[in-house]
Amino acid sequence: MTRQLIRDALIVNGDGRTPPYSGDVLIDDDRIVALGAVTASQAASADRVIEARGRALAPGFVDTHNHGALGGAAIGANGLPRACELAILGGVTKRICGVDGLSPAPVAAAQRSQYAAQLKPLDGAIDGEWTWSSIAEFLAWHRGRSVTDMGIYLGHSAVRRVVMANVARVASDAELEAMAEVVRREAPLTLGLSTGLVYNPAVYCDQRELTALVRAFNGVKPGALFPHLRSESDNIIGSVKEVVEAAVDGGGGYCNEHSKIAGAQNYDRIGELESILADAASLIPTMENMYPYTAGSTTGDAIFPPEMRSGGRAEFLAGLADPSLRAKMIAKMRFDSTSWDNFVHFCGGLQGIQIAGVKPGVGDAWLGRRLGDVARAAGADNLDSDEAFAAAFDFFAANSGEIAIITHYGNEATMERFFRRPTMAICTDGLMPGPGQKPHPRSLGAFPKALRLGREMGIPLEQMVWRMATLPCRFLHLADPTLKVGADASLTLFDPASVGERNDYFDPSTRPAGIDMVWIHGHRVLDHGALSAPRPFPGRTLMSPAHA
C-alpha cells in the first residue's frame with residue numbers, strides 16, 4: 001500500500017470528549033503515523049494527497065447488530081460482498097454478526113439444512129451446502145470473504161439446537177449442563193452470548209437456562225448478554241427484567257439490543273424501562289443499541305405463535321395448511337397479545353405488516369405491500385376476520401414460508417427519546433437483500449440517518465462519533481479505535497453538514513448523502529461514490545481476550 005496524506009480534515013478522534021479540530025492525517029500502510037500537525041518532510045513522503053476540505057474524519061463506525069455473515073458474503077455488482085457494500089456506503093468498517101441467538105454455528109451436521117432454512121429470510125443463503133459444525137470451522141469458511149472486519153456472538157438458539165434440536169419445552173438439568181459445555185467450548189472465538197426469545201428454539205427456554213449459559217460464557221471470558229427480548233410490546237417490562245437478571249446473576253454485562261417499544265398502548269412505559277436500565281448500569285457493564293426507525297424487520301415466521309414453529313421446517317409448512325391447527329393459530333393471533341409477542345397485534349393488524357421478502361418468482365408482485373393488501377385481494381375486506389388471516393396463511397404457504405417482513409410498530413417520539421441516550425450505540429439490524437427482497441432501509445441508511453438526527457437534535461459531533469465507533473469497541477473488549485499515532489487506519493470521511501439517508505421503505509437502495517470516503521486498514525474502499533474491492537479482502541476477524 002501507499003502513504004496517504006489526508007489534508008485539512010476536521011478530526012473527530014472518537015474519545016467523546018475532545019472537540020473536533022482541524023488538521024492533517026498521514027497513513028502508512030494500515031496505521032496512522034502522524035495526526036494533527038504533519039511536518040513538511042512527512043507530507044512530502046506521501047504517495048497520494050487527499051483534500052478533505054474541512055470534512056469530518058472519524059474512526060470507522062461499528063454496526064453492533066448485523067445479519068450479513070452468510071448471504072452477505074455473496075459478491076455484488078461492485079465486486080464487494082453485499083453486506084460489506086451496504087456497510088461501507090454508510091461509513092461502517094466493523095460488523096458484529098451472530099445476533100438474535102442465531103449464529104451460523106455451532107450446528108450439528110444432521111441439522112445444517114434445517115437451520116440454514118430458518119436463517120435464510122434473515123441472513124440469506126450461501127452458494128452450496130454448509131460444511132461447518134463449530135464456530136472455528138465457520139470462521140475458517142468465512143476467512144477472506146469480508147472487506148469489513150467481522151466479529152460474531154455465540155447464539156443461544158444455535159447452542160440449544162445442538163443439544164435439544166427444535167423441541168418446545170424447557171431444558172432438563174442434564175440438557176442444561178450439555179448446553180453449558182457447548183458454550184464453554186465455543187465461547188473463545190466469540191464476543192458475547194446472543195439470544196432471540198421470539199425465535200425458535202430459544203423461545204422455549206426459561207430464565208434459569210439463560211442465567212446458566214451467561215455464567216458458562218463468563219467462565220471463559222468477559223461477555224455480555226445481547227438479547228432480542230421475549231416481548232417488545234405488552235410484556236416489555238417483564239421481558240427486560242428477565243434478561244437483565246440473567247445477565248447480572250450470570251456475571252456478565254448487558255446490551256439492550258435494537259431498543260424499541262412496540263404498540264401504541266405501550267409507548268408511555270419508556271420511563272419504567274429506562275429505570276431498569278439505570279439499575280442494571282449500577283451493577284454491571286451496560287450498553288444499548290438501536291436503528292433509528294419506527295419500524296423493524298424480521299423473518300415472517302415470527303408472526304406465528306411459538307408452538308406452530310417447533311419441529312422441522314416441513315412440519316411448519318404442513319401446519320400452514322392443516323385446517324384444525326390453522327383455526328387454533330388464527331384465534332391466537334387475533335385475540336392473544338400477552339402469552340407471546342404477537343407481531344400482528346402490536347403493529348395494529350395485518351395492514352401494519354409490510355412484505356420485504358418473498359420466494360422469487362412466486363410473490364414478487366407483493367414486495368413493498370402489506371399483508372392487509374394480500375387479504376383484500378383474496379376477498380377479505382375485514383382485516384380482523386378469520387378469512388383475512390387465512391389469506392395470510394395461504395400467502396406464506398405459496399411462498400414456502402420464505403417471507404421477510406417489515407413491522408410498523410413505533411412512533412417518532414419514543415424513537416427519539418431512545419436516540420438521545422448517551423449510552424446508545426447504532427446498528428443496522430441489516431437483513432441481507434437478495435432475489436425477491438425489498439429490505440428495510442436501515443441496512444443502508446441507519447448510520448447516515450443517525451448523523452443527521454444528531455445534527456438536527458444538537459448532539460455534539462464528538463459524542464455521536466463516540467457512540468458510533470468507540471463505545472461499542474470498549475464494551476466488546478476490542479482494540480480502542482480512537483484516532484492517535486499508531487492507531488488502525490480504518491476511517492470514515494463525511495460531511496457533517498449534509499450527511500443523511502436518502503432511501504425509504506419503498507426505495508431502500510438509494511445511497512446516502514455525505515459519506516465521502518472510507519478506509520479499512522488503510523485500503524480506500526469508498527472514494528466519493530466509487531467503491532473498490534482490494535485483493536485480497538482486508539477484513540479481519542474481531543476477537544476479544546479470554547480470562548488471564
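The following exercises, with worked solutions, concern cavities, strand pairing, helix packing and backbone geometry in a predicted model.

Residues are numbered from 1 along each chain as its sequence is written, and side-chain values use heavy atoms, with hydrogens and water left out. Because the model is predicted, local features need pLDDT of at least 70 and side-chain atom pairs count only at pLDDT 80 or more, while totals for chains, interfaces and linings use all residues.

**Exercise 1. Describe the largest cavity and its lining.**

Step 1. A cavity is a set of points, on a 1 Å grid over the protein atoms alone, where a 1.4 Å probe fits but cannot get out. Grid points are joined across faces, edges and corners, and a volume is the space filled by probe spheres set on the points. A search of the whole structure yields 6 cavities of 30 Å³ or more.

Step 2. The volume of the largest cavity is about 160 Å³. Its lining comprises 14 residues, and Gln-118, Asn-200, Asp-301, Arg-309 and Arg-313 are the closest to the centre; a lining residue has an atom within 4 Å of a point.

Step 3. Helix H3 (112–123) and helix H10 (313–321) each contribute at least two lining residues. Helices (H or I, at least four residues) and strands (E, at least two) are DSSP runs numbered from the N terminus.

Step 4. By class, this lining holds 3 nonpolar, 7 polar and 4 charged residues. Here Ala, Val, Leu, Ile, Met, Phe, Trp, Tyr, Cys and Pro count as nonpolar, Asp, Glu, Lys and Arg as charged, and the others, Gly among them, as polar.

**Exercise 2. Characterise the second largest cavity and the sheet that contains S14.**

Step 1. The second largest cavity holds about 130 Å³ of space. Of its 18 lining residues, His-228, Lys-260, Tyr-291, Ser-297 and Thr-298 lie nearest the centre.

Step 2. Strand S14 (295–299) and helix H12 (343–346) each supply at least two residues of this lining, and the largest share, 3 residues, comes from S14. The lining divides into 6 nonpolar, 7 polar and 5 charged residues.

Step 3. S14 also belongs to an open sheet of 3 strands, ordered S14-S16-S15, with antiparallel pairing. Two strands pair if DSSP finds at least two bridges between them. S14 and strand S15 (353–357) are the edge strands, each pairing on one side only.

Step 4. S14 pairs with strand S16 (residues 404–408) over 5 bridges; Ala-295 has His-408 of S16 as its bridge partner.

**Exercise 3. Determine how helices H15 and H16 pack.**

Step 1. Helix H15 (residues 412–419) and helix H16 (residues 442–457) have axes 12 Å apart and an angle of about 90° between them. Axes are lines fitted to C-alpha atoms over the stretch in contact, and angles run from 0 to 180 degrees between N-to-C directions.

Step 2. The two helices are therefore roughly perpendicular, a term for angles of 65 to 115 degrees.

Step 3. Met-415, Glu-416 and Phe-419 of H15 meet Ala-450, Leu-453, Gly-454 and Met-457 of H16, contact being heavy atoms within 4.5 Å. These residues divide into 5 nonpolar, 1 polar and 1 charged.

**Exercise 4. Locate the cis peptide bonds at Pro-106 and Pro-201.**

Step 1. The bond from Ala-105 to Pro-106 is cis, with omega near 5°. Pro-106 lies in the loop between strand S7 (92–97) and H3.

Step 2. Asn-200 and Pro-201 are joined by a cis peptide bond with omega of about 0°. Pro-201 lies in the loop between strand S10 (192–196) and helix H7 (207–218).

Conventions: On a 1 Å grid over the protein atoms alone, a cavity is a set of points where a 1.4 Å probe fits but cannot get out, and a pocket is an open set with protein on both sides within 12 Å along at least five of seven lines; lining residues have an atom within 4 Å of a point. Angles under 35 degrees count as roughly parallel, over 145 as roughly antiparallel, 65 to 115 as roughly perpendicular and the rest as oblique.
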